[in-house]
Amino acid sequence: MIFGGCGFFGTHMARALSADPEVGRIVLADIQPPRELAAKADYVICDVRQPITFPTQGPVEIYNFAAVHTSPGPADWEYFWTNVAGATNVCRFAEAIGARRIVFTSSVGVYGPQECLVDERTTPRPVTAYGKSKLLAEQIHEDWQARSGDRRLLIVRPAVTFGEGERGNFERLASVLRERRFVYPARKDTVKACAPVEELARSIAFMAQFDEPVLRYIFAYPDRTTTEAINRGFGEAAGYAMPRLVLPEKLIMVAAFGFEVLGKVGVRTAINRERVRKLIRSTNAYPHELISRGFAFEIGLAEALRRWQQSSDFR
């Protein structure tokens with residue numbers, strides 16, 4: 001059962017599970033209809049903010065991908081309502097049906113923005129409602145696991161994950177690069193940990209084989225990927241020209257404030273000061289657990305972007 005199964009992660013996870021001969025049925029549980037129905041998959045309407053009751057047959061493995069994750073955007077309470085109440089209800093459901101494994105997608109947002117390198121051994125210090133709600137949700141899942149020694153919990157902390165159907169940061173970046181409207185906010189060397197969604201299911205299967213009671217890992221390339229390197233990857237994949245202009249932080253913040261004013265009078269825009277701050281701050285997360293245990297990414301940045309461009313032109 002994939003809670004949040006019709007979203008970005010859920011859609012790709014269902015594709016991967018549908019090819020596994022040991023998986024008999026996939027249930028996509030979500031409040032939104034599916035983008036596609038993979039082989040073996042069924043869709044059920046489910047709001048994780050409410051108590052969950054579904055009839056099940058045989059052993060059930062749970063993937064909890066349901067979340068409010070867009071930032072900035074929702075009010076603070078919305079992150080907690082979905083991410084924390086959702087974790088509680090999913091774990092209660094797992095308890096009721098006797099599930100023995102949960103895979104939960106958290107976020108590198110639990111570390112907050114970091115210029116210095118962080119990994120799984122770093123103490124989380126979230127600064128946003130999103131990061132705080134995800135850390136609380138991790139603890140709720142850990143409480144579920146601790147109530148029985150035969151339960152297994154795998155916590156994934158993804159960095160920026162890109163690919164077909166993302167509808168997020170990389171898709172927006174592709175659009176402005178295509179139109180040659182991108183300028184670097186303050187610097188070119190901002191570290192942005194990232195990884196392609198095609199590698200997510202493979203990383204989960206790899207880490208699950210260690211069969212530890214609780215195992216958490218960061219999902220990101222091991223290389224320190226900068227904003228400039230990401231733009232270069234788009235250039236190699238789609239032939240986009242490399243942007244060169246770097247605007248001072250004060251100037252770009254003034255411009256972002258102007259777009260916020262336009263938004264208040266009804267002019268729709270995705271530009272605001274919080275989004276600019278996210279572009280300036282590094283997310284310097286290193287996947288120590290993945291790499292130390294022997295996982296190797298098969299698809300590099302430029303190749304992943306090339307495949308995405310060929311499959312859906314960065315949609």
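**Cores and exposed sites in the predicted model**

Ala 96 is part of helix α2, which spans residues 76-97. In this predicted model, Ala 96 has a relative accessible area of 67% and is exposed, because that value is over the 50% cut-off. Thr 53 lies 43 residues away from Ala 96 in sequence, yet the two C-alpha atoms are separated by 8.9 Å in space.

The interior is a good place to turn to next. In soluble globular proteins, nonpolar side chains tend to be buried together. Here, the largest nonpolar core brings together 51 residues, and Ile 2, Phe 162, Ile 204, Phe 234 and Leu 305 have the most contacts inside it. Helix α5, covering residues 200-208, is the biggest contributor to this core, supplying 6 residues. A second core, separate from this one, holds 24 residues, among them Ile 52, Ile 62, Ala 99 and Ile 140.

Phe 162 deserves a closer look. Leaving aside residues up to four places away in sequence, the residues that Phe 162 touches include Phe 8, Phe 170, Tyr 221 and Trp 308. Cys 194, Ala 195, Pro 196, Val 197 and Glu 198 are also among its contacts, as are Leu 301, Ala 304 and Leu 305.

Two residues other than glycine show a positive phi. Lys 40, with a phi of about 75°, sits in the loop that links β2 (26-30) and β3 (41-45). Its relative accessibility of 31% makes Lys 40 partly exposed. For Arg 180, phi is near 55°, and the residue belongs to the loop between α4 (169-178) and β9 (184-185). Arg 180 counts as exposed, at 70% relative accessibility.

Conventions
Residues are numbered from 1 along each chain as its sequence is written. This is a predicted model: local features need pLDDT of at least 70, side-chain atom pairs count only at pLDDT 80 or more; totals for chains, interfaces and linings use all residues. Side-chain values use heavy atoms; hydrogens and water are left out. A nonpolar core is a set of buried Ala, Val, Leu, Ile, Met, Phe, Trp, Tyr and Cys residues joined through side-chain atoms within 4.5 Å. Buried means under 20% relative accessible area, exposed over 50%, partly exposed in between (1.4 Å probe, protein chains only). Helices (H or I, at least four residues) and strands (E, at least two) are DSSP runs, numbered from the N terminus. Contact means heavy atoms within 4.5 Å.
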